[in-house]
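Work through the exercises below with the sequence and the 3D structure at hand, and try each task before reading its solution.

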Amino acid sequence: MNNRLIHRITAAVIFAISLTQYLLTVQPSVPFWDPGELSAAAYMLEVPHPPGGPLFSLVGRLFFMLPVPGDIGLRMNLVSVVASALSVLLLYLVAVKLIRHYKGQDPQSPLDALGTFGAAAIGALGFSFSDSFWFSAVEANYFAASTLLYFLVV
């Protein structure tokens with residue numbers, strides 16, 4: 001098995017683990033504080049808070065149109081779930097790129113590939129299971145989408 005295939009399989013597993021983790025623990029409805037306002041604004045296509053609000057509302061409106069069972073609060077929470085799982089995937093890819101750059105070459109042996117991909121996977125999953133990120137990943141708020149945009153820029 002070549003390193004490229006191992007890298008892709010590891011990335012898919014990282015994404016699947018984080019997506020499953022967040023889907024199993026997502027808020028079933030609207031939490032107490034800002035997510036209710038954000039859900040209502042996205043449903044009505046309004047702007048709740050100017051910085052970042054319009055894009056978040058448009059993406060939330062797209063999730064409202066999906067045929068997903070559950071209430072509107074759950075659909076809005078799924079925006080954060082998907083954004084967080086993609087953020088963890090991008091963190092893994094960035095970590096692999098940084099480790100390769102630090103080493104100065106691609107992994108030559110299977111053991112070297114395991115070290116590179118394993119270290120990046122541990123870092124990405126550690127971030128995925130961290131308390132503050134996990135809390136933001138399971139409710140509708142800007143933080144998950146903001147983290148995704150940061151990783152897209154990186």
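**Exercise 1.** Decide whether Phe127 is buried, partly exposed or exposed, and then find its aromatic partner.

Solution. Begin with the cut-offs: buried means under 20% relative accessible area, exposed means over 50%, and partly exposed lies in between, with a 1.4 Å probe and protein chains only. Because its relative accessibility is 25%, Phe127 counts as partly exposed, whereas Phe151, at 16%, counts as buried. Next, apply the rule for rings: those of Phe, Tyr and Trp (its six-membered ring) pair if their centres lie within 6.5 Å, and planes under 30 degrees apart count as stacked, over 60 as edge-to-face and the rest as tilted. A search of the whole structure finds four aromatic pairs. One of them joins Phe127 and Phe151, 6.2 Å centre to centre with 75 degrees between the planes, which is edge-to-face. Phe127 lies in helix H5 and Phe151 in helix H7, so the pair ties together parts that are 24 residues apart in sequence; helices (H or I, at least four residues) are DSSP runs, numbered from the N terminus. Finally, ring pairs link Phe127 and Phe151 with Tyr22 and Phe133 into a cluster.

This is a predicted model, in which local features need pLDDT of at least 70 and side-chain atom pairs count only at pLDDT 80 or more, while totals for chains, interfaces and linings use all residues. Residues are numbered from 1 along each chain as its sequence is written, and side-chain values use heavy atoms, with hydrogens and water left out.

**Exercise 2.** Describe the geometry of the ring pair made by Phe129 and Trp134, and give the accessibility of each residue.

Solution. The ring centres of Phe129 and Trp134 are 5.5 Å apart and their planes stand at 80 degrees, so the pair is edge-to-face. Phe129 is partly exposed at 41% relative accessible area, and Trp134 is also partly exposed, at 27%.

**Exercise 3.** Find which residues touch the most other members of the largest nonpolar core, and which helix gives the most to this core.

Solution. A nonpolar core is a set of buried Ala, Val, Leu, Ile, Met, Phe, Trp, Tyr and Cys residues joined through side-chain atoms within 4.5 Å. The largest one has 35 residues, of which Ile14, Tyr22, Phe56, Met76, Val88, Tyr92 and Ala124 touch the most other members. Seven helices, H1 to H7, each supply at least two residues, and H4 gives the most, with 13 residues. To follow one member, take Ala124, which touches Ile14, Val88, Leu91 and Tyr92 when residues up to four places away in sequence are not counted; contact means heavy atoms within 4.5 Å.

**Exercise 4.** Locate the salt bridge of Asp112 and state how far apart its closest N and O atoms are.

Solution. A salt bridge is a side-chain nitrogen of Lys or Arg within 4 Å of a carboxyl oxygen of Asp or Glu. The structure holds one: Asp112 forms it with Lys103, the closest N and O atoms being 2.6 Å apart. Asp112 is partly exposed, with a relative accessible area of 22%, and Lys103 is partly exposed at 39%.

**Exercise 5.** Work out whether Gly53 is buried or exposed, and which residues it touches.

Solution. Gly53 is found in helix H3, and its relative accessible area of 0% makes this residue buried. Leaving out residues up to four places away in sequence, Gly53 touches Pro48 and Tyr142. From C-alpha to C-alpha, Gly53 and Leu38 are 8.2 Å apart in space, although 15 residues apart in sequence.
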